[in-house]
Structures are given as C-alpha cells and as structure tokens.
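Hello,

Here is the structure I promised to pass on. Have a look at it first, and then read on for what turned up.

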Amino acid sequence: MTHTVLRMTERLLIDPPEHPDTSKGYLDLLGDEPDSNRGAIQALWASRLGSMFYDNAQTLARRLMTAWQQPTEWLNVPVGGTALDVGSGPGNVTGALGRAVGPGGLALGVDISEPMLARAVRAEAGPNVGFIRADAQHLPFRDESFDAVVSIAMLQLIPDPAVALAEMVRVLRPGRRMAVMVPTAGPAAGLLRYLPNAGAHAFGDDELGDTFESLGLAGVRINTVGTIQWVRGRKS
Ligand SMILES: C[S@@+](CC[C@H](N)C(=O)[O-])C[C@H]1O[C@@H](n2cnc3c(N)ncnc32)[C@H](O)[C@@H]1O
C-alpha cells in the first residue's frame, strides 16, 4: 500500500491504528483475530486452494455479469471520489473502481482472507487502489465515507448478511448508490436451507431487496439472471 493510499485511508477510519501493519501490502486491521465466518465454504475461500478454485467460479460470474449493466457504470462513481468493494477477493472490481474514480480518487477493497488479499495486492494495488483486511460485518470506516459501495459474491458467505448490508449502507454517503451480487441456488434454494452448516446462505428471491428497503435505500431494483442475482439501490 502506497504512503498516499494509507494516508487517504486513515482519514476514513473510525480508529486509525497507531502503528499500521502494511507489511503484506495491505492494511491489516485484524491481526491474529480469528475469522468470524466459520462455514466450510468460507474456509475454502480463505485457503490457498480456494483462492485457485475460485477462478472458475469467477469466470462464470463475469460472464453472467454482462447480462446486466456493469455495476461500476451504474454506480455512477464520481471522478475524484471514494469507492468501496466489500469482499474484494482478487481485487479486479476494486481495480475497475480505481479507474472510475481516477488518479485523484480512492478505491478500497476489503476482504477477510489473507491469500485473497495477497493476490489482490499483486494484481491491482496502485496509486489510488488499496486493500484492507477487515470483516464486512464490522467495517472500520466512518459513517458516510464512500461515494459508491459494491459487493460481489460475498454476502452468501456471511453469517448475518443483513448486518454486512447495514454496514455498507452506514458507510455510504446520502444520495449515492450501492450494488450487491449474490449467487442464488435457483430452485435448489429451498433444499439448501435444510442442509445443516452448508456454509453458504441461500437467498430467497426477494430477501435482499426487502433488506435493502428496510435499510432505507430508495429505487431498489432486483435482477436475477440464472443463478446470479443483482440488487441495487440509492441511499436517501
Ligand atoms: C466468491 S469471493 C468474491 C470475490 C470478489 N468480490 C469478486 O467477485 O471477484 C468471496 C470473497 O468474500 C470474502 N469474504 C468472506 N467473508 C468475508 C467477511 N466476513 N468479510 C470480508 N470478506 C469476506 C472471501 O474471503 C472472498 O474473497
């Protein structure tokens, strides 16, 4: 993480660390704290093997993503603004946000997995793109810090997705937009609910849209294409 990105990031943090740990190229705000997600699938993503296995899933997600307007486009990220990618994985969406905000802006990716963050740093870190190790359920940022928030294929792994969504809304500036994408199990969703500790949440068709509305977001739109659901909205 460059000195400039660290300084800009610190301004957004609720509690900037006195001795920031950027030794692995990202700002580590969790240290040795155990991960909050203990599901089998999260353990897989967090592992090196999962990081490789992940590529196949991502290729599929990218293909399906083109079925709807690109989120970075719809988010209407202002040049010189701040953008957040929650559960950034290998960081390519964070990189796209960095290009959208331009050299005077800041795009940050948050993830809990050290191997994923290491990959993201190698591939995408730059003069206006940085990565932070933190938990989506306790975002370390001050209220209303970001001009856009996006989260792709992460909420299904979170023990309490509504808490993570509330955090995303909290850090979004009024009038600004957020978008999330989750894989849906389609007709198998009902069955997955009966599996104990499946490790991933199977969302009902309207579940995320309802949560967006209950969090006060306006203009909520849901689009489900095959096994991918996008939900987007604007903070009033
Ligand atoms: C399927 S990957 C998606 C990565 C990326 N958004 C993309 O689409 O390219 C899910 C990511 O969510 C991260 N993740 C899971 N639980 C998390 C949490 N509680 N806080 C932050 N990131 C989390 C995982 O480590 C993983 O990198």
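Phe-141 is a good place to start: leaving aside residues up to four places away in sequence, this side of the predicted model has Phe-141 touching Leu-12, Leu-13, Ile-14, Leu-84, Leu-108, Val-110, Ile-132, Phe-146, Arg-170 and Val-171.

Phe-141 also belongs to the largest nonpolar core, which has 36 residues. Along with Leu-84, Leu-108, Val-149, Leu-155, Met-168 and Met-178, Phe-141 touches the most other members. Several elements give two or more residues to this core, including helix H1 (3-12), strand S2 (82-86), strand S3 (106-111) and strand S5 (146-152). Helix H7 (161-171) is also one of them, and H7 supplies the largest share, 5 residues. Another core lies apart from this one; its 21 residues include Tyr-26, Ala-83, Phe-131 and Val-150. In soluble globular proteins, nonpolar side chains tend to be buried together.

You may also like helix H5, which runs over residues 92-101. Its buried residues are Val-93, Thr-94, Gly-95, Leu-97, Gly-98 and Val-101. Right after H5 comes Gly-102, with a positive phi near 75°.

As for the whole chain, there are 9 helices and 8 strands, and 50% of the 236 residues count as buried. Among contacts with a separation of 6 or more, 68% are between residues 24 or more positions apart. The accessible surface is about 10700 Å², and carbon and sulfur atoms account for 54% of that surface.

Happy browsing, and best wishes

Technical notes: Residues numbered from 1 in each chain as written. Predicted model: local features only at pLDDT ≥ 70, side-chain atom pairs only at ≥ 80, totals over all residues. Heavy atoms only, no water. Helix = DSSP H or I, 4+ residues; strand = E, 2+ residues; numbered from the N terminus. Buried < 20%, exposed > 50% of the residue type's maximum accessible area, 1.4 Å probe, protein only. Contact = heavy atoms within 4.5 Å. Areas by Shrake-Rupley, 256 points an atom, 1.4 Å probe, with all protein chains shown as cover. Core = buried A, V, L, I, M, F, W, Y, C linked by side-chain atoms within 4.5 Å.
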